[in-house]
Amino acid sequence: QKLADLSSDINNYYNKKSSARDMLTKNRLTVGMICCAKYNDEWYRVKVMNISPGISKVLVECIDYGYTEQIEASRLKRPLTENPLFDLPPQLIKCKLHDVPPSQDTWTEDVIVYLLYYTECKEQLYLEMVSDNECVVYDEMGRNINEELLQDKSLFPDQVTTSTTNSHTPSNSSESSVAPTPVNSPPYCTTPEECPNEVLPQGKEPIKVVVPHCISPGNFTIQLVSKQNDLESLQQQLQLYCVNASCLSHYEKGMLGVARYPDDGLWYRARLNNTFELKKIDGEYRQVIPCHFVDYGNDELVVDIVSITKQHLILPFQEIPAKLYGVCPINGSKWSDEACDIFCELTTEQMYCILKGVESDTHQNIVSLFSVNNNSIVSDLLIQKGMAKKT
């Protein structure tokens, strides 16, 4: 709280009351001097680490948050010594993970990105200091991050995992800084086996469906209209849940989570197609995770993904993979781009669907689709437009 109060005082002063006397020039700076610097429109306490002759920039380190940067000397202001909170000791504690050695001579960019992503998406972490500068890190669920990091084979392919808690087991003492075991915490789920897929009812009666994702007449997703209210209710729950949800502690192919869809910023149930990869976004390397959205059928690269609970897996996955009955491409086995576009246009509204069978190898539902409004059969329309032929 003292740091928050000091930050507020510093920003109020330098943003509203600062004058020319607060300016610092390079010839007034000394190595080790404490002053204030501006980062992204916020003012922080910094220490001058190095002053290079012949250039206008100096190397500074933020003593409360650890940022190190070369900045123009003109961006520095005198220390606000008249504020008693300015004497608050530096809040930065430099430490390293206990028993987590680099997998190579130096830390790889993958590991650095993983740690940055993991720590930035957590509201609170708990440290158990096992020496002056080594620690074991726990998240709010009590999970040992040191161990989970080592177990990620994409980051440490040759690492033999050794427990970081054999001699440093978290204590239940009130003085311990380790996260306590949460009371009544939701059971977190990770595998697709913990939730079934929605099944298309068999029979001759047509069933109302929607087509949320369409690639071609031979590959699309349908959802049951009868389950749309349940899905909408789940979606509302997920948006509230994800405000304070925990990030996945590690990534494995097939794990379940809740991912933020990049186009609309909303959260949806998802399955990891692979572990994370690095992608350059807006000039910076970002960690992205290939995901499959299990209610809609589409695959996307996402940046944000959090854990999921059993209560969010009561509703079966709503995607029903499907292919159109009775038609095939005009030429060869690949659908033309035009045929795919027309098929997607024909299926934007609610459709009637009749199940004709199931592909044994792909498990796709072979279905006949026709319009709710005019009973036109989609396969016949494709044939009439010269986009398909009968099988």
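**View 1. The salt bridge between Glu134 and Lys96 in the predicted model**. In this predicted model, the side chains of Glu134 and Lys96 meet in a salt bridge, with 3.7 Å from N to O. Glu134 belongs to strand S8 (residues 134-138) and Lys96 to strand S6, so the contact ties together parts of the chain that lie 38 residues apart in sequence. Glu134 has a relative accessible area of 19%, which is under the 20% limit, and therefore counts as buried. Lys96, by contrast, reaches 45% relative accessibility and counts as partly exposed.

**View 2. The salt bridge between Arg78 and Asp22**. Here the closest N and O atoms of Arg78 and Asp22 are 2.5 Å apart. Because Arg78 lies in the loop between strand S5 (76-77) and strand S6 (96-97), while Asp22 lies in the loop between helix H1 (2-16) and strand S1 (34-39), the pair ties together parts that are 56 residues apart in sequence. Arg78 and Asp22 are both buried. Salt bridges with shared partners also bring in Glu82, joining Asp22, Arg78 and Glu82 into one network.

**View 3. The salt bridge between Asp64 and Arg45**. The side chains of Asp64 and Arg45 come together at 2.7 Å, N to O. Asp64 sits in the loop between strand S3 (57-62) and strand S4 (68-72), and Arg45 sits in strand S2 (residues 42-51), with their positions 19 residues apart in sequence, a link between distant parts of the chain. Asp64 and Arg45 are both buried. The pair is one of 9 salt bridges counted in the model.

**View 4. The barrel and the helix that packs on its sheet**. In the order S10-S11-S19-S22-S21, 5 strands close into a barrel, and their pairing is mixed. Neighbouring strands of this sheet are turned against each other by 50 degrees on average, direction ignored. Strand S19 (residues 320-324) pairs with strand S22 (residues 365-371) in the parallel sense over 3 bridges, and Leu324 has Val367 in S22 as its bridge partner. Helix H5 (residues 337-346) packs on the sheet and touches S10, S11, S19, S21 and S22, its direction making about 155 degrees with that of S10.

**View 5. Confidence along the chain**. The protein chain averages a pLDDT of 81, and 82% of the residues score at least 70. Among its elements, strand S11 (residues 219-224) has the highest mean pLDDT, 97, and strand S9 (residues 188-189) the lowest, 58. Over residues 161-187 the pLDDT is below 50, although in the model this stretch has 44 contacts beyond near neighbours in sequence. Where pLDDT is low, the predicted coordinates should not be read in detail.

Terms used. Residues numbered from 1 in each chain as written. Predicted model: local features only at pLDDT ≥ 70, side-chain atom pairs only at ≥ 80, totals over all residues. Heavy atoms only, no water. pLDDT = per-residue confidence, 0-100. Helix = DSSP H or I, 4+ residues; strand = E, 2+ residues; numbered from the N terminus. Contact = heavy atoms within 4.5 Å. Pairing = 2+ DSSP bridges. Axes fitted to C-alpha atoms, helices over the stretch in contact; angles between N-to-C directions. Salt bridge = Lys/Arg side-chain N within 4 Å of Asp/Glu carboxyl O. Buried < 20%, exposed > 50% of the residue type's maximum accessible area, 1.4 Å probe, protein only.
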